[in-house]
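Colleague: I would like to go through this model with you. Could we start with the strands and then turn to the two chains?

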Protein chains: 2
Amino acid sequence: MKIYGNPMSTCTRKVLMTIAEKGGSAELVTVDLGKQEQKSAEHVARHPFGVVPVLDDDGFVIYESRAIIRYLDHRLEGQDLTPSDTRERARMDQWMQIEQSYLTPNLMQILYNTLFAKMFGRPVDKDALAKGKAGTEKALDVLEKHLESGTKYLAGDTFSLAEITWMPYLEYLFPAEHGDLINSRARTKAWWETISSRPTWKHVTGK
Amino acid sequence: MKIYGNPMSTCTRKVLMTIAEKGGSAELVTVDLGKQEQKSAEHVARHPFGVVPVLDDDGFVIYESRAIIRYLDHRLEGQDLTPSDTRERARMDQWMQIEQSYLTPNLMQILYNTLFAKMFGRPVDKDALAKGKAGTEKALDVLEKHLESGTKYLAGDTFSLAEITWMPYLEYLFPAEHGDLINSRARTKAWWETISSRPTWKHVTGK
């Protein structure tokens, strides 16, 4: 099993975290994003939209991180990362969608206009930053309220794929100097501390 | 079972189509989008991000169309809309992601700057229209190539949730006078004719 990706990429980290949680293993073939290798003919043959990651499971090639992690959860042995209860599974799917529709488009605007602007010497778009911050706060407010209802994890009592989709984005808020968005919300902070202290996450993020 | 939504909304149509395919029934409670009822306190209590649809299944409230249709597929009797084979299921998930990540953001730019601009007397953003059209063509090129491999449906031999996520967006290309994006691609055209002639789809779109 090979993963074409990059250890710093949020989407690659979802795949690496899923494999770590399942106790599986795979070869990470690094795609150098600084050199735009994801746009090379070789990589585009694997992923026609030219992004990472891609999974090659003995010739079965699949892309899009959220599809890959669902596949790996079925494919690999180890603990189930999808609840068996129909309503808990629906709650997991809903939180995966909230990540994709409301959290990530906004949170990425924070990263582009803080961390990445600094790293790559790019101009800061203050309006986009303010809008991204407001949208991220909204998503985190909804999360805080959900956690206040007493649920330990997003889908219910167990860690699931929903956490795995949220974690890579939240992680980068800290080096982007916006960790207060998490730490200022008591339940979100406690949940984040619980999940980010998992040995699997420390392994994935190289801590 | 109640659906809070609007019969013209793409996301509501995914839910209505899933229910129709399963042979189920639900009460559609219309949220008037023209009057911005989706932003009312009453609706926001159901969906904190203020959009449609929301499903209320005897007190179990869930939002986000792609999560709702997965739930309904498990919850309702009738034919399975998710393949049981692990690889076919992964393919379904991948095509649902392609819809969400690459097709829809682009195709909506076509609709905003043709159909909706005309309906609501809004200015046309020609750059956004051109960019949206190029992105839609790219997604449809990838689809065409996939269908050329001989697969009848997106996930394999059977109609699945993947089709249900694509259909509402593709449908609106025709009144937006961009139906040629579908009709100029032989396999895509044949696939579209097969799926859009399903009695369930005619029922959902009121044809």
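Colleague: What is the order of the strands in the open sheet of chain A?

Modeller: This is a predicted model. In chain A, four strands form an open sheet in the order β2-β1-β3-β4, and the pairing is mixed. β2 (27-30) and β4 (60-63) of chain A are at the edges with a single partner strand each, so one side of each has no neighbour in the sheet. On average, neighbouring strands of this sheet are turned by 20 degrees against each other, direction ignored.

Colleague: Which way do β1(A) and β2(A) run, parallel or antiparallel?

Modeller: They run parallel, joined by four bridges. In this pair G5(A) stands opposite T30(A).

Colleague: And which helix lies across β1 and β2 of chain A?

Modeller: Helix α1 (residues 10-22) of chain A does, running at about 155 degrees to β1(A). Across β3 (54-57) and β4 of chain A lies a helix from chain B, α4 (residues 86-112), at about 30 degrees to β4(A).

Colleague: Now chain B. How many residues lie between β3(B) and β4(B) in their hairpin?

Modeller: Two residues lie between them, and D58(B) in the turn has a positive phi of about 55 degrees. The strands pair in the antiparallel sense over four bridges, with D57(B) opposite F60(B).

Colleague: What turn lays chain A on chain B?

Modeller: A turn of 180 degrees with a shift of 0.0 Å along the axis does so, with an RMSD of 0.0 Å. That is the relation of a two-fold axis. The same surface serves both copies, as 100% of the contact residues of chain A recur in chain B.

Colleague: Which residue of chain A comes closest to the rotation axis?

Modeller: Q100(A) does, with its C-alpha at 4.6 Å.

Key:
Residues are numbered from 1 along each chain as its sequence is written. Chains are lettered from A and ligands numbered from 1 in the order in which they are written. This is a predicted model: local features need pLDDT of at least 70, side-chain atom pairs count only at pLDDT 80 or more; totals for chains, interfaces and linings use all residues. Side-chain values use heavy atoms; hydrogens and water are left out. Copies are superposed by least squares on the C-alpha atoms of residues with pLDDT of at least 70 in both. Contact means heavy atoms within 4.5 Å. Two strands pair if DSSP finds at least two bridges between them. Axes are lines fitted to C-alpha atoms, for helices over the stretch in contact, and angles run from 0 to 180 degrees between N-to-C directions.
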